[in-house]
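Reader: I should like to go through this model slowly, asking at each step what a word stands for and how one knows that it applies. Where shall we begin?

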Amino acid sequence: MSEPSSPPAGEMTQLLQRSAQGDAAARAQVWEAAHAELRALARARLQRESGNPTWQPTELVHEAFLKLCGLRMAFHDRAHFMAMAATAMRQVLVDHARERRRDKRGGGLRAITMDSRLVGQEGAQDIDLLDLDRALSELATLDPRKARAIELSYFGGLADAELAQALEVSEATVKRDLRTARAWLATALQDGA
């Protein structure tokens, strides 16, 4: 059985606006549509985890939903919603990795496999999620927009056009930012290994 598809961006934006105005039916439609889309993103991210993933896509989405609900904010449009969802999924995964590290005193952490879209290298490599989080946080102190572009691209699955909209820059700038950020991350993650 296939999952329902997300409504077009314009329709999703209208639903988000109606939801922000208190329309409970619109809120339910937003969460139903978002659940399917975020579940697909979560599945793709979790498939990169080496070994047996400790999360199921639905669990990750539910945890991210809880974080989003806790924000109690209005989402401007689909890109803004997906940007916040990307941040929530990253936080959930990082929090879980920290908890596992704490429980096991640093041992037994599974690395996640990052593809070339993230670090700009041929093939894939195993990278500890906490190392990635530290590298992204460090990049954010140097260039917040580039770090955000990587987060939204990798964790949120946003395409270049959506990234440009979310970051309020041109697509050409997004492409340059991603290229530079991936190169920086590749170096930072390699140096940290």
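Author: Let us begin with Glu151 and Arg90, both of which are buried, a word used for residues under 20% relative accessible area, while exposed stands for over 50% and partly exposed for the range in between, with a 1.4 Å probe and protein chains only. Please keep in mind that this is a predicted model, in which local features need pLDDT of at least 70 and side-chain atom pairs count only at pLDDT 80 or more, whereas totals for chains, interfaces and linings use all residues. Residues are numbered from 1 along each chain as its sequence is written, and side-chain values use heavy atoms, with hydrogens and water left out.

Reader: What makes the contact of Glu151 with Arg90 a salt bridge?

Author: A salt bridge is a side-chain nitrogen of Lys or Arg within 4 Å of a carboxyl oxygen of Asp or Glu, and for the side chains of Glu151 and Arg90 the distance from N to O is 3.1 Å, so the pair satisfies the rule. The two partners belong to distant parts of the chain, Glu151 to helix α7 (residues 144-154) and Arg90 to helix α4, 61 residues apart. In general, side chains of opposite charge can pair when their charged atoms come close.

Reader: How do you know that Arg98 and Asp133 form a salt bridge as well, and why is Arg98 called partly exposed?

Author: The closest N and O atoms of Arg98 and Asp133 are 3.1 Å apart, which again satisfies the rule. Arg98 sits in helix α4 and Asp133 in helix α6, so this bridge ties together parts that are 35 residues apart in sequence. Arg98 has a relative accessible area of 41%, and is therefore partly exposed, whereas Asp133, with 10%, is buried. Arg98 and Asp133 also belong to a network of salt bridges that links Lys67, Arg90, Asp95, Arg98, Asp133, Arg148 and Glu151.

Reader: How many salt bridges does the rule give, and where do Arg78 and Glu162 lie?

Author: The count comes to 14 salt bridges, and one of them joins the side chains of Arg78 and Glu162 at 2.2 Å, N to O. Arg78 lies in helix α4 (residues 78-104) and Glu162 in helix α8 (residues 160-167), so parts that are 84 residues apart in sequence are tied together. With a relative accessible area of 11%, Arg78 counts as buried.

Reader: How do you know that the length of helix α6 agrees with its number of residues?

Author: Helices here are DSSP runs of H or I with at least four residues, and strands are runs of E with at least two, numbered from the N terminus. The expected span of a helix is 1.5 Å times one less than its number of residues, so the 14 residues of α6 (residues 129-142) should span 20 Å, and the end C-alpha atoms are indeed 20 Å apart. The protein has 9 helices and 2 strands.

Reader: What makes Trp31 and Phe65 an edge-to-face pair?

Author: By the rule there are 4 aromatic pairs, and in this one Trp31 and Phe65 are 4.5 Å centre to centre, with 80° between the planes. Rings of Phe, Tyr and Trp (its six-membered ring) pair if their centres lie within 6.5 Å, and planes under 30 degrees apart count as stacked, over 60 as edge-to-face and the rest as tilted. Trp31 lies in helix α2 and Phe65 in helix α3, so the pair ties together parts that are 34 residues apart in sequence.

Reader: Why is the pair of Trp31 and Phe81 given a name of this kind?

Author: The ring centres of Trp31 and Phe81 are 5.7 Å apart and the planes stand at 70°, so this pair is edge-to-face. Phe81, at 0% relative accessibility, counts as buried. Ring pairs link Trp31, Phe65, Phe75 and Phe81 into a cluster.

Reader: What makes a group of residues a nonpolar core, and which members of the largest one touch the most others?

Author: A nonpolar core is a set of buried Ala, Val, Leu, Ile, Met, Phe, Trp, Tyr and Cys residues joined through side-chain atoms within 4.5 Å. The largest has 50 residues, of which Leu38, Leu60, Leu68, Phe81 and Phe155 touch the most other members, and helix α4 gives the most to this core, with 12 residues.
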